[in-house]
Amino acid sequence: MDVSAPFRDPGISRLIVGKIARIAGDLDDHVKIMDFCGTHEWTITHYGIRSLMPNNVELVAGPGCPVCITPGYYVDIAVKLAMEGVRVFTFGDVYRLPGSSKGAPRNLEEARSEGADVKIVYSVADAVKLSSDGKESVFLAVGFETTAPATLGPIYRGAVPDNLSFIVVHRLTPPITKYVLENYPQSPIRGIIAPGHVSAITGAAEWKFVAEDYGIPVVVSGFEPVDVLLSILEILRQVRDGRAELVNEYSRVVRWEGNLRAKEIMRSTCEVVEAGWRGIGFVPESGLRLRKGYSKYDALVRYGIPELSKEAWLEDLPPGCRCAEVTLGMAKPTDCPLFRKVCTPERPYGPCMVSSEGTCLIWAKYGGDELLRGLREEFEPP
Ligand code: SF4
């Protein structure tokens with residue numbers, strides 16, 4: 001099989017794929033490797049990396065899409081406020097995210113079509129600037145450690161006008177990784193490709209617990225195909241040798257200790273709390289909530305809206321949607337009967353079909369299993 005086409009350095013890619021095949025051939029059992037970042041899933045699917053894996057090496061996506069795991073409750077709040085005349089700012093990939101409410105409008109796009117003032121912005125700085133007109137506004141802030149410092153920076157600096165507040169739905173990735181490893185032992189993960197962007201903030205050292213506490217190889221990886229291939233190779237080497245270590249493959253960007261300034265901003269403005277993950281439930285120490293000293297920027301406090309609680313937790317995936325299993329690496333998008341039938345990139349039904357980091361959207365656009373099958377048929381005729 002020619003593995004060169006999509007790769008910048010075809011010689012190196014071919015070499016790595018050959019080594020992966022040789023090491024996998026030495027292993028008796030199945031090795032499941034989870035990526036925890038939507039962009040890694042994009043690289044793997046877009047470049048057909050699954051098609052290059054030996055039969056006993058399985059690559060599965062984890063809960064690495066912040067839009068997919070944002071509870072519908074927060075979308076419902078944003079829609080409600082928008083329909084009541086509050087201007088809502090958000091990022092583009094949240095715009096079509098369905099809430100949990102059965103009634104219309106079910107997302108911010110529909111609210112806007114009904115006349116609500118919903119604005120897509122590229123950064124929090126844009127929302128701060130536009131709010132200088134004094135209109136009552138909220139920002140629906142979704143994302144992992146990568147985006148949290150950008151949301152919290154203006155709050156930390158006191159640069160937010162009084163008429164702008166935030167629905168903070170920032171989530172933390174090491175706690176959900178721990179949760180997956182502890183709660184889904186029936187689906188053993190033998191290696192983890194740790195998120196590169198997130199680690200640029202948290203630091204590579206944050207992932208040490210995966211190797212030390214769970215005995216699982218973990219590699220912080222970059223996003224080029226060759227980065228991902230090297231990370232897979234490193235994990236397989238460790239599995240073969242019976243080792244479990246943390247390796248920083250993305251050292252050109254990720255430092256061991258991370259971005260200290262960004263971490264200080266998160267620590268100063270927010271406390272770490274147990275938080276809801278869509279379709280999954282409440283995960284200990286996995287969310288950020290604004291500290292009391294910053295509560296004037298908290299939209300829930302400002303409008304007297306209760307935080308999402310375990311008691312009020314509802315089944316928040318649309319009926320039939322298997323997003324929870326997809327984000328936990330227990331099912332593939334193609335296992336969902338709605339995939340590309342009821343649920344499409346043009347008309348997403350479930351949350352994993354909305355964002356460019358959502359596994360279902362990535363598979364729908366770039367092939368997923370179909371690409372894998374197509375390549376196998378082409379190169380390995382029955
Ligand atoms: Fe949910 Fe759509 Fe994915 Fe099915 S295809 S799991 S409905 S997002």
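This report walks through the ligand site, the parallel sheet and a hairpin in a predicted model.

## Around the ligand

Start with the ligand, which sits in the largest cavity. Its surroundings include a run of cysteines: Cys321, Cys323, Cys336, Cys343, Cys352 and Cys360 are among the residues around it. Arg322, Leu338, Phe339, Tyr349, Gly350 and Met353 are also part of that surrounding set.

Sorted by class, the shell has ten nonpolar residues, one polar residue and one charged residue.

## The parallel sheet

Next up is an open sheet built from five strands, and its pairing is parallel. Reading across, the order goes β2-β1-β7-β8-β9. The edge positions belong to β2 (57-61) and β9 (246-248); each has a single partner strand, so one side of each is left without a neighbour in the sheet. Going from one strand to the next, the twist averages 20 degrees.

Now for the pair at the β2 end of that order. β1, covering residues 31-35, joins β2 in the parallel sense over five bridges. If you want a spot to look at there, Asp35 stands opposite Ala61 in β2.

## The hairpin

Strands can also pair the other way: in a sheet they pair through backbone hydrogen bonds, either parallel or antiparallel. Here, β10 (residues 270-277) and β11 (residues 281-290) go antiparallel, with seven bridges between them. In this pair, Gly276 stands opposite Phe282 in β11.

What sits between the two strands of this hairpin? Three residues do, and Gly279 in the hairpin takes a positive phi near 75 degrees.

Definitions and conventions. Residues are numbered from 1 along each chain as its sequence is written. This is a predicted model: local features need pLDDT of at least 70, side-chain atom pairs count only at pLDDT 80 or more; totals for chains, interfaces and linings use all residues. Side-chain values use heavy atoms; hydrogens and water are left out. A residue is near a molecule or strand if one of its heavy atoms lies within 4 Å of it. On a 1 Å grid over the protein atoms alone, a cavity is a set of points where a 1.4 Å probe fits but cannot get out, and a pocket is an open set with protein on both sides within 12 Å along at least five of seven lines; lining residues have an atom within 4 Å of a point. A molecule sits in a cavity or pocket if more than half of its atoms lie within 2 Å of its grid points. Ala, Val, Leu, Ile, Met, Phe, Trp, Tyr, Cys and Pro count as nonpolar, Asp, Glu, Lys and Arg as charged, and the others, Gly among them, as polar. Two strands pair if DSSP finds at least two bridges between them. Helices (H or I, at least four residues) and strands (E, at least two) are DSSP runs, numbered from the N terminus. Axes are lines fitted to C-alpha atoms, for helices over the stretch in contact, and angles run from 0 to 180 degrees between N-to-C directions.
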